[in-house]
Amino acid sequence: MTTVYGPNVGGAAIHKVMDLPCSDEGTCPYQLAWDFEPANYDVLVGHYVHANVPSAVENRTIVIDEFAEEAAVTTFHDPEPVVSAFVSRRRGLPFDDWTDFVEHRHERRPEAVRWFVRNYRDKNPDSWDVIDDDGDVHGLAGELVLGLLFAEDLGNGFRTTEKTIPKPTPDGWQRMALRDTSVRRRMSPKVAWNTEKNAVHLLSVPNFDDANGVAALDGTPTKRMWDTAFGVSFDHERVVPPSRMNDYLTDALDIKVHQYGAHDPDKAGTRPYSSGNHLYAETDEKLLHGIGMHFDADPDVITTRAAIREYDEDDRVLHHADEYRNFASVKSSNAFRESTVGAVLGSPHPGDETFKRWGAFMGSAIEGSGKGVDRSYRAVGDEIYHHYVHNQVLQSILRFGRDGQEAHVLVTSMCTPSWVEPEPLKMMTFSGSSSRAVVDCLRDSDGMSQSEIVDETGLSQQAASKALNGLDENGFVAVEDKPGPYSSQYVWN
(Lines give C-alpha, C1' and ligand atoms only; values in the text may rest on other atoms or scores of the structure.)
Protein backbone atom coordinates (compact mmCIF):
# COMPACT_ATOMS: atom_id res chain seq x y z
CA MET A 1 0.00 0.00 0.00
CA THR A 2 2.71 2.49 0.94
CA THR A 3 4.53 1.94 -2.37
CA VAL A 4 1.63 3.58 -4.23
CA TYR A 5 0.42 5.92 -1.49
CA GLY A 6 3.87 7.53 -1.30
CA PRO A 7 3.93 8.59 -4.99
CA ASN A 8 0.76 10.64 -4.37
CA VAL A 9 -2.01 8.19 -5.12
CA GLY A 10 -4.89 9.00 -2.79
CA GLY A 11 -6.63 6.47 -0.61
CA ALA A 12 -9.87 6.71 -2.58
CA ALA A 13 -8.07 6.05 -5.86
CA ILE A 14 -6.19 3.09 -4.39
CA HIS A 15 -9.45 1.50 -3.32
CA LYS A 16 -11.06 2.26 -6.66
CA VAL A 17 -8.45 0.74 -8.95
CA MET A 18 -6.95 -2.01 -6.80
CA ASP A 19 -8.57 -5.24 -5.66
CA LEU A 20 -7.98 -4.90 -1.94
CA PRO A 21 -9.08 -7.56 0.55
CA CYS A 22 -10.49 -4.90 2.86
CA SER A 23 -13.01 -3.94 0.15
CA ASP A 24 -14.75 -7.33 0.15
CA GLU A 25 -18.46 -7.11 0.91
CA GLY A 26 -18.22 -3.35 1.44
CA THR A 27 -16.68 -3.59 4.90
CA CYS A 28 -13.63 -1.36 4.41
CA PRO A 29 -13.51 1.26 7.20
CA TYR A 30 -11.90 3.78 4.86
CA GLN A 31 -14.63 3.49 2.25
CA LEU A 32 -17.36 3.52 4.87
CA ALA A 33 -15.93 6.69 6.41
CA TRP A 34 -16.09 8.49 3.05
CA ASP A 35 -19.57 7.22 2.24
CA PHE A 36 -21.33 10.48 3.08
CA GLU A 37 -22.45 13.71 1.44
CA PRO A 38 -20.29 16.61 2.73
CA ALA A 39 -23.06 19.13 2.01
CA ASN A 40 -25.25 17.47 4.66
CA TYR A 41 -22.90 18.50 7.48
CA ASP A 42 -22.37 21.95 8.95
CA VAL A 43 -18.87 21.17 10.25
CA LEU A 44 -16.21 18.90 8.74
CA VAL A 45 -13.03 18.05 10.64
CA GLY A 46 -10.18 16.77 8.50
CA HIS A 47 -6.49 16.77 7.68
CA TYR A 48 -4.62 19.54 5.85
CA VAL A 49 -4.72 17.50 2.64
CA HIS A 50 -8.51 17.73 2.62
CA ALA A 51 -8.06 21.38 1.66
CA ASN A 52 -7.50 20.02 -1.86
CA VAL A 53 -10.91 18.28 -1.94
CA PRO A 54 -13.36 20.69 -3.65
CA SER A 55 -16.45 19.23 -1.96
CA ALA A 56 -14.84 19.77 1.44
CA VAL A 57 -14.09 23.48 0.98
CA GLU A 58 -16.84 24.78 -1.32
CA ASN A 59 -19.08 27.40 0.38
CA ARG A 60 -17.42 26.79 3.74
CA THR A 61 -15.36 28.86 6.13
CA ILE A 62 -12.00 27.12 6.38
CA VAL A 63 -10.22 27.05 9.75
CA ILE A 64 -6.58 25.91 9.71
CA ASP A 65 -5.06 25.04 13.08
CA GLU A 66 -1.28 25.57 13.09
CA PHE A 67 1.23 25.55 10.27
CA ALA A 68 2.01 22.13 8.78
CA GLU A 69 4.83 22.14 6.25
CA GLU A 70 4.90 18.36 5.93
CA ALA A 71 1.38 18.39 4.44
CA ALA A 72 2.16 21.14 1.93
CA VAL A 73 5.62 20.27 0.57
CA THR A 74 6.58 17.25 -1.53
CA THR A 75 10.32 16.74 -1.93
CA PHE A 76 11.89 14.93 -4.89
CA HIS A 77 15.39 14.05 -3.74
CA ASP A 78 16.10 12.70 -7.22
CA PRO A 79 13.75 14.25 -9.80
CA GLU A 80 15.57 12.72 -12.79
CA PRO A 81 13.64 9.40 -13.12
CA VAL A 82 10.29 11.08 -12.44
CA VAL A 83 10.81 13.77 -15.08
CA SER A 84 12.22 11.29 -17.61
CA ALA A 85 9.27 8.94 -17.16
CA PHE A 86 6.75 11.75 -17.64
CA VAL A 87 8.22 13.54 -20.67
CA SER A 88 9.09 10.31 -22.51
CA ARG A 89 5.51 9.01 -22.24
CA ARG A 90 3.72 12.20 -23.29
CA ARG A 91 3.47 12.64 -27.06
CA GLY A 92 3.86 16.29 -27.93
CA LEU A 93 6.23 17.28 -25.15
CA PRO A 94 9.52 18.34 -26.80
CA PHE A 95 11.84 16.38 -24.49
CA ASP A 96 13.22 12.85 -24.52
CA ASP A 97 14.41 12.56 -20.93
CA TRP A 98 15.81 14.47 -17.94
CA THR A 99 19.06 15.46 -19.65
CA ASP A 100 17.24 16.75 -22.73
CA PHE A 101 14.80 18.61 -20.49
CA VAL A 102 17.50 20.35 -18.43
CA GLU A 103 19.54 21.35 -21.47
CA HIS A 104 16.65 22.66 -23.58
CA ARG A 105 13.87 23.64 -21.16
CA HIS A 106 14.32 27.36 -21.80
CA GLU A 107 14.39 27.36 -25.58
CA ARG A 108 11.55 24.83 -25.85
CA ARG A 109 9.46 26.27 -23.06
CA PRO A 110 6.80 27.91 -25.29
CA GLU A 111 6.13 24.61 -27.07
CA ALA A 112 6.00 22.71 -23.78
CA VAL A 113 3.66 25.25 -22.23
CA ARG A 114 1.32 25.01 -25.22
CA TRP A 115 1.18 21.25 -24.64
CA PHE A 116 0.23 21.78 -21.01
CA VAL A 117 -2.47 24.31 -21.99
CA ARG A 118 -3.99 21.86 -24.49
CA ASN A 119 -3.63 18.86 -22.18
CA TYR A 120 -4.27 20.48 -18.84
CA ARG A 121 -6.35 17.54 -17.56
CA ASP A 122 -3.58 15.17 -18.58
CA LYS A 123 -1.02 17.16 -16.62
CA ASN A 124 -0.50 14.44 -14.03
CA PRO A 125 -0.46 10.65 -14.38
CA ASP A 126 -3.65 8.93 -13.29
CA SER A 127 -3.69 6.38 -10.50
CA TRP A 128 -3.37 3.40 -12.84
CA ASP A 129 -0.15 4.83 -14.32
CA VAL A 130 1.46 5.08 -10.92
CA ILE A 131 0.21 1.75 -9.59
CA ASP A 132 1.22 -0.21 -12.71
CA ASP A 133 4.66 1.41 -12.98
CA ASP A 134 7.92 0.08 -11.57
CA GLY A 135 8.44 3.15 -9.39
CA ASP A 136 9.43 6.04 -11.68
CA VAL A 137 5.93 7.46 -12.27
CA HIS A 138 4.73 9.89 -9.62
CA GLY A 139 1.28 11.36 -9.19
CA LEU A 140 2.70 14.91 -9.17
CA ALA A 141 5.09 14.41 -12.09
CA GLY A 142 3.27 16.90 -14.31
CA GLU A 143 3.29 19.55 -11.59
CA LEU A 144 7.00 18.93 -11.17
CA VAL A 145 7.78 19.30 -14.89
CA LEU A 146 5.61 22.40 -15.27
CA GLY A 147 7.24 24.02 -12.26
CA LEU A 148 10.76 23.25 -13.47
CA LEU A 149 9.90 24.77 -16.86
CA PHE A 150 9.47 28.16 -15.19
CA ALA A 151 12.20 27.87 -12.54
CA GLU A 152 14.66 30.80 -12.68
CA ASP A 153 18.02 31.13 -10.94
CA LEU A 154 18.06 33.03 -7.63
CA GLY A 155 21.86 33.10 -7.44
CA ASN A 156 22.15 31.24 -4.14
CA GLY A 157 22.06 27.66 -5.40
CA PHE A 158 18.27 27.65 -5.83
CA ARG A 159 15.93 28.14 -8.75
CA THR A 160 12.29 29.09 -8.29
CA THR A 161 9.09 29.75 -10.18
CA GLU A 162 8.57 32.84 -8.02
CA LYS A 163 11.45 34.94 -9.33
CA THR A 164 10.35 37.94 -11.35
CA ILE A 165 11.27 37.33 -15.00
CA PRO A 166 13.29 40.25 -16.45
CA LYS A 167 11.96 42.55 -19.14
CA PRO A 168 11.74 41.05 -22.63
CA THR A 169 14.61 41.33 -25.04
CA PRO A 170 14.08 42.05 -28.75
CA ASP A 171 14.55 38.42 -29.67
CA GLY A 172 15.32 34.98 -28.33
CA TRP A 173 13.49 32.49 -26.15
CA GLN A 174 13.14 34.97 -23.28
CA ARG A 175 10.75 37.15 -25.26
CA MET A 176 8.69 34.11 -26.21
CA ALA A 177 8.67 32.79 -22.67
CA LEU A 178 7.34 36.06 -21.29
CA ARG A 179 4.16 35.53 -23.23
CA ASP A 180 3.53 32.60 -20.94
CA THR A 181 3.66 34.49 -17.62
CA SER A 182 -0.13 34.35 -17.32
CA VAL A 183 0.08 30.59 -17.74
CA ARG A 184 2.75 30.44 -15.07
CA ARG A 185 0.54 32.32 -12.61
CA ARG A 186 -2.51 30.22 -13.45
CA MET A 187 -1.00 26.76 -13.76
CA SER A 188 2.49 26.51 -12.38
CA PRO A 189 3.03 25.31 -8.79
CA LYS A 190 5.60 26.90 -6.50
CA VAL A 191 8.93 25.15 -6.91
CA ALA A 192 12.21 25.45 -5.03
CA TRP A 193 14.96 23.67 -6.97
CA ASN A 194 18.19 23.08 -5.05
CA THR A 195 20.61 22.82 -7.96
CA GLU A 196 23.57 21.91 -5.72
CA LYS A 197 21.83 18.78 -4.40
CA ASN A 198 19.54 18.42 -7.42
CA ALA A 199 16.55 18.18 -5.10
CA VAL A 200 13.21 19.78 -5.92
CA HIS A 201 10.65 20.91 -3.35
CA LEU A 202 7.09 21.26 -4.66
CA LEU A 203 4.66 23.42 -2.68
CA SER A 204 1.05 22.36 -3.25
CA VAL A 205 -1.05 25.45 -2.56
CA PRO A 206 -4.76 24.64 -2.05
CA ASN A 207 -7.42 26.46 -4.03
CA PHE A 208 -9.78 28.31 -1.69
CA ASP A 209 -11.51 30.37 -4.39
CA ASP A 210 -14.86 28.70 -3.68
CA ALA A 211 -14.58 28.97 0.11
CA ASN A 212 -16.46 31.62 2.06
CA GLY A 213 -13.29 32.59 3.89
CA VAL A 214 -10.16 31.26 5.55
CA ALA A 215 -9.09 31.65 9.19
CA ALA A 216 -5.75 30.46 10.56
CA LEU A 217 -4.88 29.78 14.19
CA ASP A 218 -1.27 29.83 15.35
CA GLY A 219 0.37 30.89 18.59
CA THR A 220 3.63 31.72 16.82
CA PRO A 221 2.71 32.63 13.23
CA THR A 222 5.04 33.73 10.45
CA LYS A 223 2.65 35.58 8.17
CA ARG A 224 4.76 35.41 4.99
CA MET A 225 4.97 31.64 5.27
CA TRP A 226 1.24 31.29 5.94
CA ASP A 227 0.43 33.49 2.93
CA THR A 228 2.79 31.50 0.72
CA ALA A 229 1.68 28.03 1.80
CA PHE A 230 -2.06 28.63 1.53
CA GLY A 231 -2.32 31.26 -1.22
CA VAL A 232 -4.15 33.67 1.07
CA SER A 233 -3.20 37.19 2.11
CA PHE A 234 -4.07 36.85 5.79
CA ASP A 235 -4.88 39.77 8.05
CA HIS A 236 -2.79 39.17 11.16
CA GLU A 237 -4.83 39.89 14.28
CA ARG A 238 -3.18 39.42 17.65
CA VAL A 239 -5.24 38.31 20.63
CA VAL A 240 -2.50 39.58 22.94
CA PRO A 241 -0.44 42.64 21.85
CA PRO A 242 3.35 42.24 21.79
CA SER A 243 3.76 44.57 24.76
CA ARG A 244 1.69 42.22 26.92
CA MET A 245 3.01 38.88 25.71
CA ASN A 246 5.45 38.43 28.58
CA ASP A 247 2.66 39.26 31.05
CA TYR A 248 0.52 36.63 29.33
CA LEU A 249 3.32 34.09 29.65
CA THR A 250 4.11 34.77 33.31
CA ASP A 251 0.72 35.78 34.72
CA ALA A 252 -1.94 34.08 32.60
CA LEU A 253 -0.03 30.88 31.83
CA ASP A 254 2.03 31.02 35.04
CA ILE A 255 5.25 29.99 33.27
CA LYS A 256 8.53 31.40 34.55
CA VAL A 257 11.43 31.30 32.07
CA HIS A 258 14.99 31.12 33.36
CA GLN A 259 17.46 31.66 30.53
CA TYR A 260 21.09 30.63 30.85
CA GLY A 261 23.28 33.47 29.61
CA ALA A 262 20.55 36.11 29.65
CA HIS A 263 22.52 38.28 32.06
CA ASP A 264 26.02 37.13 31.14
CA PRO A 265 27.27 37.77 27.56
CA ASP A 266 30.07 35.24 28.06
CA LYS A 267 27.49 32.47 28.46
CA ALA A 268 25.11 33.64 25.73
CA GLY A 269 24.78 31.48 22.64
CA THR A 270 22.29 30.00 20.19
CA ARG A 271 23.47 26.42 20.88
CA PRO A 272 22.18 24.78 17.68
CA TYR A 273 21.88 21.12 18.68
CA SER A 274 20.35 19.61 15.53
CA SER A 275 23.56 18.04 14.27
CA GLY A 276 24.66 16.74 17.67
CA ASN A 277 28.24 17.77 16.89
CA HIS A 278 28.54 20.77 19.20
CA LEU A 279 26.83 19.90 22.46
CA TYR A 280 27.53 21.52 25.83
CA ALA A 281 27.28 18.29 27.81
CA GLU A 282 29.17 19.52 30.88
CA THR A 283 27.06 22.67 31.16
CA ASP A 284 23.79 20.84 30.46
CA GLU A 285 24.54 18.23 33.11
CA LYS A 286 25.38 20.91 35.66
CA LEU A 287 22.26 22.96 34.90
CA LEU A 288 19.86 20.00 34.96
CA HIS A 289 21.33 18.87 38.24
CA GLY A 290 21.09 22.39 39.66
CA ILE A 291 17.49 23.07 38.69
CA GLY A 292 16.49 19.64 39.92
CA MET A 293 18.02 20.39 43.31
CA HIS A 294 16.51 23.87 43.44
CA PHE A 295 12.95 22.65 42.89
CA ASP A 296 13.48 19.20 44.43
CA ALA A 297 12.22 17.52 41.25
CA ASP A 298 14.00 16.18 38.20
CA PRO A 299 13.12 18.35 35.18
CA ASP A 300 11.42 17.10 32.03
CA VAL A 301 13.62 17.89 29.05
CA ILE A 302 13.04 18.95 25.45
CA THR A 303 15.97 18.98 23.03
CA THR A 304 16.93 17.70 19.59
CA ARG A 305 16.92 14.08 18.42
CA ALA A 306 20.68 14.26 17.90
CA ALA A 307 21.30 15.51 21.44
CA ILE A 308 19.12 12.76 22.91
CA ARG A 309 21.00 10.17 20.86
CA GLU A 310 24.38 11.44 22.05
CA TYR A 311 23.33 11.92 25.67
CA ASP A 312 21.71 8.49 25.77
CA GLU A 313 25.07 6.86 25.12
CA ASP A 314 26.66 7.81 28.45
CA ASP A 315 23.59 8.85 30.48
CA ARG A 316 25.47 11.64 32.26
CA VAL A 317 23.12 14.44 31.23
CA LEU A 318 19.75 12.73 30.93
CA HIS A 319 20.42 10.92 34.20
CA HIS A 320 19.15 14.17 35.78
CA ALA A 321 15.96 14.26 33.68
CA ASP A 322 12.62 12.72 34.53
CA GLU A 323 11.36 12.34 30.93
CA TYR A 324 12.71 13.73 27.68
CA ARG A 325 11.42 14.32 24.17
CA ASN A 326 12.66 15.97 20.99
CA PHE A 327 11.42 19.29 19.58
CA ALA A 328 9.46 17.72 16.74
CA SER A 329 7.54 15.27 18.95
CA VAL A 330 6.17 17.90 21.36
CA LYS A 331 4.50 20.10 18.75
CA SER A 332 0.85 20.40 19.82
CA SER A 333 1.59 17.84 22.53
CA ASN A 334 0.27 17.73 26.09
CA ALA A 335 2.83 15.17 27.26
CA PHE A 336 4.29 17.63 29.80
CA ARG A 337 1.05 19.35 30.77
CA GLU A 338 1.49 18.35 34.44
CA SER A 339 5.22 19.08 34.51
CA THR A 340 6.16 22.02 36.71
CA VAL A 341 9.94 21.88 36.15
CA GLY A 342 11.27 21.76 32.60
CA ALA A 343 14.38 22.43 30.57
CA VAL A 344 14.84 23.24 26.89
CA LEU A 345 18.39 22.27 25.96
CA GLY A 346 19.91 24.01 22.96
CA SER A 347 17.85 25.00 19.94
CA PRO A 348 16.64 23.33 16.75
CA HIS A 349 18.27 24.40 13.50
CA PRO A 350 17.11 22.66 10.32
CA GLY A 351 20.00 24.11 8.30
CA ASP A 352 20.35 26.98 5.86
CA GLU A 353 18.97 24.78 3.06
CA THR A 354 15.54 24.94 4.70
CA PHE A 355 15.66 28.74 4.96
CA LYS A 356 16.73 29.01 1.31
CA ARG A 357 13.91 26.68 0.30
CA TRP A 358 11.20 28.85 1.82
CA GLY A 359 12.90 31.96 0.51
CA ALA A 360 12.69 30.38 -2.96
CA PHE A 361 8.98 29.70 -2.48
CA MET A 362 8.66 33.45 -1.84
CA GLY A 363 11.00 34.48 -4.67
CA SER A 364 13.68 35.72 -2.29
CA ALA A 365 17.37 34.73 -2.35
CA ILE A 366 18.32 33.87 1.24
CA GLU A 367 21.96 33.99 2.34
CA GLY A 368 23.33 33.88 5.87
CA SER A 369 26.18 35.90 7.34
CA GLY A 370 27.80 36.14 10.77
CA LYS A 371 27.97 33.57 13.55
CA GLY A 372 26.09 32.65 16.70
CA VAL A 373 23.70 35.26 18.08
CA ASP A 374 24.95 37.70 15.42
CA ARG A 375 24.07 35.49 12.44
CA SER A 376 21.53 37.07 10.11
CA TYR A 377 19.68 36.09 6.94
CA ARG A 378 18.37 39.62 6.32
CA ALA A 379 14.72 40.65 6.51
CA VAL A 380 12.81 37.78 4.89
CA GLY A 381 15.40 35.19 5.87
CA ASP A 382 15.37 36.24 9.52
CA GLU A 383 11.59 35.74 9.61
CA ILE A 384 12.03 32.20 8.30
CA TYR A 385 14.91 31.55 10.72
CA HIS A 386 12.87 32.74 13.71
CA HIS A 387 9.97 30.54 12.57
CA TYR A 388 12.11 27.41 12.74
CA VAL A 389 14.28 28.29 15.73
CA HIS A 390 12.95 30.96 18.13
CA ASN A 391 9.29 30.06 17.68
CA GLN A 392 10.03 26.36 18.15
CA VAL A 393 11.86 27.08 21.41
CA LEU A 394 8.87 29.14 22.56
CA GLN A 395 6.46 26.35 21.60
CA SER A 396 8.57 23.99 23.71
CA ILE A 397 8.39 26.34 26.69
CA LEU A 398 4.61 26.39 26.35
CA ARG A 399 4.41 22.59 26.68
CA PHE A 400 4.97 22.80 30.46
CA GLY A 401 2.41 23.52 33.17
CA ARG A 402 -0.58 23.37 30.86
CA ASP A 403 -2.82 22.10 33.66
CA GLY A 404 -2.71 25.47 35.43
CA GLN A 405 0.14 24.87 37.86
CA GLU A 406 3.09 27.25 38.07
CA ALA A 407 5.93 25.97 35.91
CA HIS A 408 9.60 26.90 35.82
CA VAL A 409 11.43 26.32 32.54
CA LEU A 410 15.19 26.57 32.09
CA VAL A 411 16.29 27.56 28.57
CA THR A 412 19.95 27.09 27.73
CA SER A 413 20.03 29.02 24.44
CA MET A 414 19.35 32.65 23.61
CA CYS A 415 16.77 31.57 21.03
CA THR A 416 13.57 33.00 22.47
CA PRO A 417 11.36 35.75 21.03
CA SER A 418 12.55 39.25 21.94
CA TRP A 419 9.55 39.90 24.19
CA VAL A 420 10.43 37.07 26.61
CA GLU A 421 11.80 38.57 29.83
CA PRO A 422 13.64 35.77 31.64
CA GLU A 423 13.61 35.72 35.41
CA PRO A 424 16.87 35.27 37.33
CA LEU A 425 17.32 31.99 39.16
CA LYS A 426 20.03 31.49 41.75
CA MET A 427 20.46 27.77 41.96
CA MET A 428 23.26 25.62 43.30
CA THR A 429 25.45 24.11 40.62
CA PHE A 430 28.45 21.89 41.17
CA SER A 431 31.44 21.76 38.87
CA GLY A 432 32.45 18.26 37.93
CA SER A 433 30.36 15.15 37.48
CA SER A 434 32.00 13.53 40.54
CA SER A 435 30.65 16.23 42.85
CA ARG A 436 27.18 15.94 41.32
CA ALA A 437 27.22 12.16 41.74
CA VAL A 438 28.17 12.51 45.41
CA VAL A 439 25.51 15.18 45.98
CA ASP A 440 22.80 12.97 44.47
CA CYS A 441 23.96 10.06 46.57
CA LEU A 442 23.94 11.99 49.88
CA ARG A 443 20.64 13.80 49.22
CA ASP A 444 18.87 10.44 49.03
CA SER A 445 20.38 9.08 52.25
CA ASP A 446 20.61 9.73 55.98
CA GLY A 447 24.39 9.72 55.76
CA MET A 448 27.06 7.54 54.18
CA SER A 449 30.71 6.75 54.60
CA GLN A 450 33.21 7.40 51.83
CA SER A 451 33.46 3.68 51.09
CA GLU A 452 29.68 3.43 50.80
CA ILE A 453 29.67 6.43 48.46
CA VAL A 454 32.34 4.79 46.31
CA ASP A 455 30.27 1.59 46.11
CA GLU A 456 27.08 3.51 45.28
CA THR A 457 28.49 5.93 42.69
CA GLY A 458 31.22 3.84 41.10
CA LEU A 459 33.75 6.62 41.67
CA SER A 460 37.33 5.92 42.64
CA GLN A 461 38.43 6.53 46.22
CA GLN A 462 40.47 9.53 45.03
CA ALA A 463 37.62 11.11 43.08
CA ALA A 464 35.15 10.60 45.91
CA SER A 465 37.57 12.04 48.48
CA LYS A 466 38.24 15.12 46.35
CA ALA A 467 34.54 15.74 45.80
CA LEU A 468 33.71 15.29 49.50
CA ASN A 469 36.48 17.67 50.58
CA GLY A 470 35.21 20.34 48.19
CA LEU A 471 31.60 19.94 49.35
CA ASP A 472 32.75 20.02 52.97
CA GLU A 473 34.76 23.22 52.47
CA ASN A 474 31.76 24.96 50.90
CA GLY A 475 29.36 23.85 53.62
CA PHE A 476 27.25 21.50 51.54
CA VAL A 477 28.01 18.41 53.64
CA ALA A 478 28.67 17.83 57.30
CA VAL A 479 31.02 15.19 58.72
CA GLU A 480 29.73 13.20 61.66
CA ASP A 481 31.66 10.69 63.80
CA LYS A 482 29.72 7.52 64.50
CA PRO A 483 30.66 4.26 66.19
CA GLY A 484 31.19 1.25 63.99
CA PRO A 485 33.46 0.20 61.15
CA TYR A 486 32.87 3.51 59.30
CA SER A 487 33.54 6.20 61.89
CA SER A 488 33.22 9.18 59.50
CA GLN A 489 29.75 9.68 58.04
CA TYR A 490 28.99 12.37 55.44
CA VAL A 491 25.56 13.99 55.69
CA TRP A 492 23.91 16.39 53.22
CA ASN A 493 23.74 19.73 54.98
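Thr160 counts as buried because its relative accessibility is 0%; buried means under 20% relative accessible area, exposed over 50%, and partly exposed in between, with a 1.4 Å probe and protein chains only. The model is predicted: local features need pLDDT of at least 70, side-chain atom pairs count only at pLDDT 80 or more, and totals for chains, interfaces and linings use all residues. Residues are numbered from 1 along each chain as its sequence is written, and side-chain values use heavy atoms, with hydrogens and water left out.

**Around Thr160**

Thr160 sits in strand β4 (residues 158-160). Helices (H or I, at least four residues) and strands (E, at least two) are DSSP runs, numbered from the N terminus. The Thr160 side chain reaches the backbone oxygen of Val191 at 3.2 Å. Contact means heavy atoms within 4.5 Å. Leaving aside residues up to four places away in sequence, Thr160 touches Phe150, Ala151, Glu152, Leu154, Val191, Ala360, Phe361 and Gly363.

One of these partners is Leu154. Leu154 lies in the loop between β3 (152-153) and β4. Among the residues that Leu154 touches are Arg159, Lys163, Ser364 and Ala365. Leu154 and Ile366 are 212 residues apart in sequence, yet 8.9 Å apart in space, C-alpha to C-alpha.

**Three loop and strand residues with their accessibility**

| Residue | Place | Relative accessible area |
|---|---|---|
| Leu154 | loop between β3 and β4 | 15% |
| Glu66 | loop between β1 and α5 (69-72) | 17% |
| Arg271 | loop between β8 and α15 | 7% |

Glu66 and Arg271 also share a backbone feature. Glu66 has a positive phi of about 70° and is not a glycine. Arg271 has a positive phi of about 45° and is not a glycine either. Most residues other than glycine have a negative phi.

**The cores**

A nonpolar core is a set of buried Ala, Val, Leu, Ile, Met, Phe, Trp, Tyr and Cys residues joined through side-chain atoms within 4.5 Å. The largest one holds 51 residues, and Phe208, Phe230, Val344, Trp358 and Ile397 touch the most other members. Elements that each supply at least two residues of this core include β1 (61-65), α13 (223-230), β8 (255-259) and α17 (352-361). Ile397 touches Ile255, Val257, Val344, Val409, Val411 and Thr416, not counting residues up to four places away in sequence. A second, separate core has 26 residues, including Phe76, Ala112, Phe150 and Val191.

**Helix α15**

Helix α15 covers residues 281-295, which is 15 residues. From its first C-alpha to its last, α15 reaches 21 Å, close to the 21 Å expected at 1.5 Å a residue; the expected span is 1.5 Å times one less than the number of residues. Eleven of the 15 residues of α15 are buried, among them Ala281, Asp284, Leu287, His289 and Met293. The buried residues pack against β9 (300-303), α16 (305-314), β11 (341-344), β12, α20 (433-443) and β14 (488-492). Just after α15, Asp296 takes a positive phi of about 55°.

**The whole protein**

The protein has 22 helices and 14 strands. Its radius of gyration is 29 Å, well over the 23 Å that the globule rule gives for 493 residues, so the protein is more spread out than a compact globule. The radius is taken over C-alpha atoms, and the rule is 2.2 Å times the number of residues to the power 0.38. Along its principal axes, the C-alpha trace spans about 100 × 65 × 45 Å. Of the 493 residues, 46% count as buried.

Conventions. A polar contact is a pair of N or O atoms within 3.5 Å; within protein, one must be able to donate a hydrogen and the other to accept it, and residues adjacent in sequence count only if both atoms are side-chain atoms.
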